[in-house]
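The following exercises concern the arrangement of chains, sheets and helices in a structural model. Each task is followed by a solution in steps.

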Protein chains: 2
Amino acid sequence: MKKRPLIFVTNDDGVEAAGLQALSDAMRQIGDVKVVAPLHPMSGIGHAVTSREPLRLKFFEKQDSYEKYGCSGTPVDCVKIGEQYVIKGKPDLLVSGINHGSNAAVNIIYSGTMAAALESTIGGVPSIGFSLLDNSHDADFSASQEYVVEIAKKVLQEGLPEDVTLNVNIPAVPKNEIRGIKICRQARSRWVEDYEQRMDPGKKEYFWLNGNFELRENAKDTDDWALKNNYVSIVPVHFDFTAHKFLNHFKNWENHD
Amino acid sequence: MKKRPLIFVTNDDGVEAAGLQALSDAMRQIGDVKVVAPLHPMSGIGHAVTSREPLRLKFFEKQDSYEKYGCSGTPVDCVKIGEQYVIKGKPDLLVSGINHGSNAAVNIIYSGTMAAALESTIGGVPSIGFSLLDNSHDADFSASQEYVVEIAKKVLQEGLPEDVTLNVNIPAVPKNEIRGIKICRQARSRWVEDYEQRMDPGKKEYFWLNGNFELRENAKDTDDWALKNNYVSIVPVHFDFTAHKFLNHFKNWENHD
């Protein structure tokens with residue numbers, strides 16, 4: 001581990017989020033920090049990338065070994081443009097978050113926070129996404145910060161296997177109730193939608209998303225179980241979507257010579 | 001297979017895309033078709049879901065067993081709201097595409113087309129994403145349509161394993177040059193960005209994305225290899241991001257009792 005590693009900080013809740021501040025503050029304890037985060041909240045933006053519109057970068061502040069920018073695009077855009085124009089190369093570590101709300105179980109697929117971390121891993125940088133299970137604006141990140149520093153230090157010291165990102169979720173309980181770190185797999189789950197149909201003042205209908213989380217298993221090796229039992233869950237994740245164990249299942253579909 | 005299965009058609013290139021029309025036409029040969037697609041092109045939107053803004057549904061046309069709607073949201077929104085307000089339940093099959101351009105290799109992670117198919121699988125519906133390796137507006141989908149019908153019929157007859165989606169990519173060559181179907185895994189690859197920095201008339205800088213695709217392997221069992229060799233590639237994919245083979249690697253990070 002370098003004496004002062006260069007750490008890229010981003011998120012999907014935007015430049016003004018308390019979770020971004022908590023993560024930046026924690027990282028400044030252990031490294032030089034450059035922040036490039038979306039100008040606006042982008043929760044649920046997934047792995048969206050902006051290609052049909054131009055992007056803007058907005059300078060916020062600079063103090064010694066700390067710099068902060070906002071980007072008009074998505075979290076994935078922040079990673080891409082931040083490396084080219086702010087970091088001007090690759091950082092030693094990218095951390096994303098601390099997200100206001102869970103990115104455990106199936107939530108990862110909708111998450112801009114985790115998309116940023118995955119995008120950074122695609123580019124070859126060790127990367128971690130952090131989330132606290134509290135959606136509120138004034139969530140208390142103090143207990144989280146201790147785990148964030150511990151896990152970031154471990155990654156800086158040991159590195160990560162190629163193409164592997166860490167998805168870290170932290171239960172929203174006081175520090176003395178957290179039972180430690182648990183290595184988990186992603187719990188099977190889904191969101192079941194129930195849009196609310198409403199009428200606007202012009203008598204045209206519109207719809208608001210109103211989903212309910214549905215857990216499809218309760219196994220002790222899943223992130224959802226760990227979090228319900230007050231553990232910090234770490235799921236090692238990757239961006240290979242191949243369902244390898246079903247490759248043979250389809251082999252007889254091949255009809256070539 | 002039911003005599004007239006109900007088929008949900010969507011895409012990420014929007015209601016006006018030629019690929020959507022080609023896919024709808026192909027599906028009308030084998031089933032009742034309901035289309036709910038984004039009102040605007042949404043290529044690269046990933047698994048974004050709209051929760052902070054209301055959605056609108058716009059009726060386009062209805063003929064016998066065919067209905068078409070546009071949705072103001074993303075491809076994933078189309079799946080969610082389409083099931084609740086257009087299908088009013090679950091279809092027998094969801095097909096997404098035909099995308100104008102490749103969703104092979106790492107492209108899947110940015111793809112709205114594949115996000116729609118994955119979202120539908122999360123909800124328990126057999127789902128397929130189709131892409132033609134031709135980005136142009138007037139791409140020729142005639143050879144694709146034959147494979148689309150063949151593969152859709154197979155899925156309607158045989159079903160798919162739980163939580164498995166098919167990612168089908170079709171080479172942009174004349175029909176007689178296509179060598180058949182090949183079952184593949186996702187090729188390791190990445191996009192390397194090189195944003196163009198420009199100045200607007202008001203002398204403020206902006207940036208346009210300009211990426212280059214970088215292949216990281218050339219193995220014969222990958223989708224990229226198959227497509228370069230004129231095969232239709234099918235990758236069975238899933239939405240479990242867990243890097244299962246690295247769960248043990250991190251086991252000694254656990255620090256709980």
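Two residues are in contact if their C-beta atoms, placed from the backbone, lie within 7 Å. The model examined here is predicted.

**Exercise 1. Determine which residues join H2(B) to H3(B), and classify the crossing of these helices.**

Step 1. Locate the helices. H2 of chain B spans residues 75-87, and H3 of chain B spans residues 112-122.

Step 2. List the contacts. From H2(B) come Pro75(B), Val76(B), Cys78(B), Val79(B) and Lys80(B), and they meet Gly112(B), Thr113(B), Ala115(B), Ala116(B), Glu119(B) and Ser120(B) of H3(B).

Step 3. Sort these residues by class. The contact of H2(B) with H3(B) holds six nonpolar, three polar and two charged residues.

Step 4. Consider the axes. Those of H2(B) and H3(B) come within 7 Å and cross at roughly 30°. Angles under 35 degrees count as roughly parallel, and H2(B) and H3(B) are therefore roughly parallel to each other.

Step 5. Assign the hand. H2(B) and H3(B) cross in the right-handed sense.

**Exercise 2. Carry out the analysis for H1(B) and H4(B), and state how their axes are oriented.**

Step 1. Consider the axes. Helix H1 (residues 18-28) and helix H4 (residues 142-158) of chain B have axes that come within 9 Å and cross at roughly 50°.

Step 2. Classify the angle. H1(B) and H4(B) are therefore oblique to each other. The crossing of H1(B) past H4(B) is right-handed.

Step 3. List the contacts. On the side of H1(B) are Ala22(B), Leu23(B), Ala26(B) and Met27(B); on the side of H4(B) are Ser144(B), Gln145(B), Val148(B), Val149(B) and Ala152(B).

Step 4. Sort by class. Seven nonpolar and two polar residues make up the contact of H1(B) with H4(B), with no charged residue.

**Exercise 3. Describe the sheet of chain B and the helices that pack on it.**

Step 1. Give the strand order. In chain B, nine strands form an open sheet in the order S3-S4-S2-S1-S5-S6-S7-S13-S8, and the pairing is mixed.

Step 2. Identify the edges. Strand S3 (57-63) and strand S8 (181-183) of chain B are the edge strands, each pairing on one side only. From one strand to the next, the twist averages 20°.

Step 3. Examine one pair. Strand S7 (residues 165-170) and strand S13 (residues 232-237) of chain B pair in the antiparallel sense over five bridges. Within this region, Asn167(B) stands opposite Val235(B) in S13(B).

Step 4. Place the helices. H2 of chain B packs on the sheet by touching S1, S2, S3, S4 and S5, and its direction makes about 135° with that of S2(B). H3 of chain B touches S1, S5, S6 and S7, and its direction makes about 170° with that of S6(B).

**Exercise 4. Find the backbone features of note in S5 and in the loop before S7.**

Step 1. Inspect S5 of chain B. The peptide bond between Gly97(B) and Ile98(B) is cis, with omega about -15°, and Ile98(B) lies in strand S5 of chain B.

Step 2. Inspect S5 of chain A. A cis peptide bond, with omega near -15°, runs from Gly97(A) to Ile98(A); Ile98(A) lies in strand S5 of chain A.

Step 3. Turn to the loop. Asp163(A) is found between helix H4 (142-158) and S7 of chain A. Phi of Asp163(A) is near 70°, a positive value in a residue other than glycine.

**Exercise 5. Establish how chain A and chain B are related, and describe their contact.**

Step 1. Superpose the chains. A rotation of 180° with 0.0 Å of shift along its axis places chain A on chain B, with an RMSD of 0.0 Å.

Step 2. Interpret the operation. The two copies are thus related as by a two-fold rotation axis. The same surface serves both, and 100% of the contact residues of chain A recur in chain B.

Step 3. Count the residues. Chain A contributes 59 residues to the contact and chain B contributes 59 residues.

Step 4. Assign elements on chain A. Those supplying at least two residues each include helix H2 (75-87), helix H3 (112-122) and strand S9 (189-193). S13(A) gives the most, with four residues.

Step 5. Sort by class. The side of chain A that touches chain B has 33 nonpolar, 15 polar and 11 charged residues.

Notes. Residues numbered from 1 in each chain as written. Chains lettered and ligands numbered in written order. Predicted model: local features only at pLDDT ≥ 70, side-chain atom pairs only at ≥ 80, totals over all residues. Axes fitted to C-alpha atoms, helices over the stretch in contact; angles between N-to-C directions. Parallel < 35°, antiparallel > 145°, perpendicular 65-115°, else oblique. Left-handed = near helix turned anticlockwise from the far one by under 90°. Nonpolar A, V, L, I, M, F, W, Y, C, P; charged D, E, K, R; others polar. Least-squares fit on C-alpha atoms with pLDDT ≥ 70 in both. Pairing = 2+ DSSP bridges.
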